[in-house]
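Dear colleague,

I am passing this structure on to you, and would ask you to open it before reading further. My notes on what was found in it follow below.

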Amino acid sequence: MSVARLLSSSQLNTAIVNHLDDGRLVDAVKLFCSNSHLRNTASWNLMLAGYIRNGRPQCARKLFDEMPCRDIVSWNTILSGFRRSGDSFMAFQHFSTMILSGLRPSGVTLTTMITIFQSSNLLVQLHGMAIRTGLSLNSIVGTALVGGYAGLRDPIAMFQAFKDIPIKNSVSWTSLMLGYMEFGRLNDAERVFEAMPVKNVVSWTAMINGCISNGNLNAARRYFDQMPIRNVITWTSMIKGYQQNEQQVNALNLFAEMLRLSSVRPNQFTYSTVLAACAGCCSLLFGKSVHGQILKSQLLWDVILSSSLVEMYGKCGDVDSATQSFESFEIRNVVSWNSIIGCYARHGLSTRALEKFKEMIQEGVRPDDITFVCVLMACVHGGLVEEGEYYLELMEREFCIKPRLEHYGCMVDLLGRAGQIDRAEDLIKQMPFEPDTALWGAFLSACGWHLNLEHGLWAAKAMQRLEMDHPAIYSMMLRVYGERGAWRRVNGLKEKMEKVVVGKQMGLSWVDSAAS
DNA sequence: ATAGGGTTAG
């Protein structure tokens, strides 16, 4: 760093801005500290914003408390910091202090507060304050109110807030459209979109995402094809739309089309979506090629992108590459750990999965509910009944995670496979959830495997009452009756099977389908 | 210097 002598406040501030824009927070701090004689309020505000932009809310607060004098920008900046860190209580407290100190809120203040307290009753108070101070005439404040009332699930107030915006631009229109999308009112959203005088890429993309979140993939694709200009966010949204609707091949085709026919280049967001699509259809070939593309593109491996890669290799059955990827990334979080533990669990490497879990705890990463699904899955595949019971108890006692239906499902599977049908049934009876089809299926398979007619029938009847169906019902019964030589009942069941299961997905293996 | 609309993982 050069040590040129700074002569004025504006020189100091320009130098701070340059450092912050280059992401050199430390240098900005040094400059700020070593030039205390040149500091003005703007210098303090710049540092405040710098800390917040770099995700250091605690430093920002300390600086804010030490400031000799605070102007409206200082208050607005610290409020935006509380928004970033999701601390609405502190935001409210500081806002009150500011008002009580006699400082008048600006449009920025109200906009920030509105976005923090959208979907809270405080919104109405803020709206009132905006009207009293005349700040509701500010288009940005008005647009924030539209989003706020959407969050409050009040379509009438939302539309009124929109009408009250004196000069509506495409941001205001898009907010209104998104509001209707959130209400599931696709027709109203489309009407607003049609009426929008100027549409840009963002409005089009918002429209596409709205269609997707309302489950209308075809409409989304129509808008996608219709729009004049698509950017990387548009492409990623559409690809993600296919991916989350289990249309992995369409997702991958669209990605290929993006590379081939457009000049838009993928980013981290695109790649993590595409990797999820590869994982979803177990396409190791495509996944490896995407991995190569990412390496060539020199993109940064953020924690999301890297865990998508681990997940892709894990789901595509390449355990070694999953391991290698996981170990090679410095930044890891719960999701990355879950991906690798889940990978080992799925592939029957129970010991390795449980070792990874212990390693994760040692590294101080806090497990979540999904971690324990993976851990229990590992116990199921290894037949580790005692370990499973231990972890089920551990998750609640040590980590305050209440077992969900999925965890109970694993336990039923675990006990059932071990032949402890009675205990599995006890667990079903005492758990605080209604069993789903998957859980009954696991239980029934266990009954079939262990020739336990009594419990199997109990489960089959329960499923019938709930109008659930599962191939395991029939295979269990076939097994049980067949084993007992009750061939007449087997034949009856086969007829029933044909009636009930025809047209639905049967539990046929590839060999069965080829044989028939 | 601070504010409003669109994208990512299990």
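Ile-78 counts as buried because its relative accessible area is 2%, below the 20% under which a residue is called buried. This is a reading of a predicted model, as is everything else in this message. Ile-78 belongs to helix H5, which runs over residues 72–84, and, leaving aside residues up to four places away in sequence, Ile-78 touches Leu-48, Ile-52, Ala-60, Arg-61, Phe-64 and His-94. Gly-184, by contrast, is 106 residues from Ile-78 in sequence, and the two C-alpha atoms are 35 Å apart in space.

Lys-356 can be looked at in the same way. Lys-356 sits in helix H22, residues 350–362, and is classed as buried because its relative accessible area is 7%. The side chain of Lys-356 makes a polar contact of 3.0 Å with that of Glu-359, and, again not counting residues up to four places away in sequence, Lys-356 touches Phe-326, Glu-327, Trp-337, Ile-340, Ile-341 and Tyr-344.

Turning to the DNA, 51 residues surround strand B, and the closest of them are Asn-45, Asn-76, Lys-240, Ser-307 and Asn-338. Of the atoms of DNA strand B that come within 4 Å of the protein, sugar and phosphate account for 38%. The residues of the surface near the strand divide into 14 nonpolar, 31 polar and six charged. Among the individual approaches, a polar side-chain atom of Lys-240 lies 2.3 Å from a phosphate oxygen of DNA strand B, whereas Ser-203 and Asn-333 each place a polar side-chain atom by a base nitrogen of the strand, at 3.1 Å for Ser-203 and 3.0 Å for Asn-333.

The UniProt record, an unreviewed entry, carries the annotation "repeat: PPR" for residues 40–74, 169–203, 231–266 and 333–367. In the model, the span 40–74 is 74% helix and 0% strand, with its end C-alpha atoms 12 Å apart, while the span 333–367 is likewise 74% helix and 0% strand, with its end C-alpha atoms 9 Å apart.

Finally, a word on confidence. Chain A averages a pLDDT of 91, and 92% of the residues score at least 70, but over residues 500–516 the pLDDT stays under 50, and the model has 12 contacts beyond four places in sequence for that stretch. Where pLDDT is low, predicted coordinates should not be read in detail.

With best wishes

How values were computed:
Residues are numbered from 1 along each chain as its sequence is written. Chains are lettered from A and ligands numbered from 1 in the order in which they are written. This is a predicted model: local features need pLDDT of at least 70, side-chain atom pairs count only at pLDDT 80 or more; totals for chains, interfaces and linings use all residues. Side-chain values use heavy atoms; hydrogens and water are left out. A residue is near a molecule or strand if one of its heavy atoms lies within 4 Å of it. A polar contact is a pair of N or O atoms within 3.5 Å; within protein, one must be able to donate a hydrogen and the other to accept it, and residues adjacent in sequence count only if both atoms are side-chain atoms. Ala, Val, Leu, Ile, Met, Phe, Trp, Tyr, Cys and Pro count as nonpolar, Asp, Glu, Lys and Arg as charged, and the others, Gly among them, as polar. Helices (H or I, at least four residues) and strands (E, at least two) are DSSP runs, numbered from the N terminus. Buried means under 20% relative accessible area, exposed over 50%, partly exposed in between (1.4 Å probe, protein chains only). Contact means heavy atoms within 4.5 Å. UniProt positions are given in the numbering used here, feature names are shortened, and annotations may be inferred rather than shown by experiment. pLDDT is the predictor's confidence in each residue, from 0 to 100.
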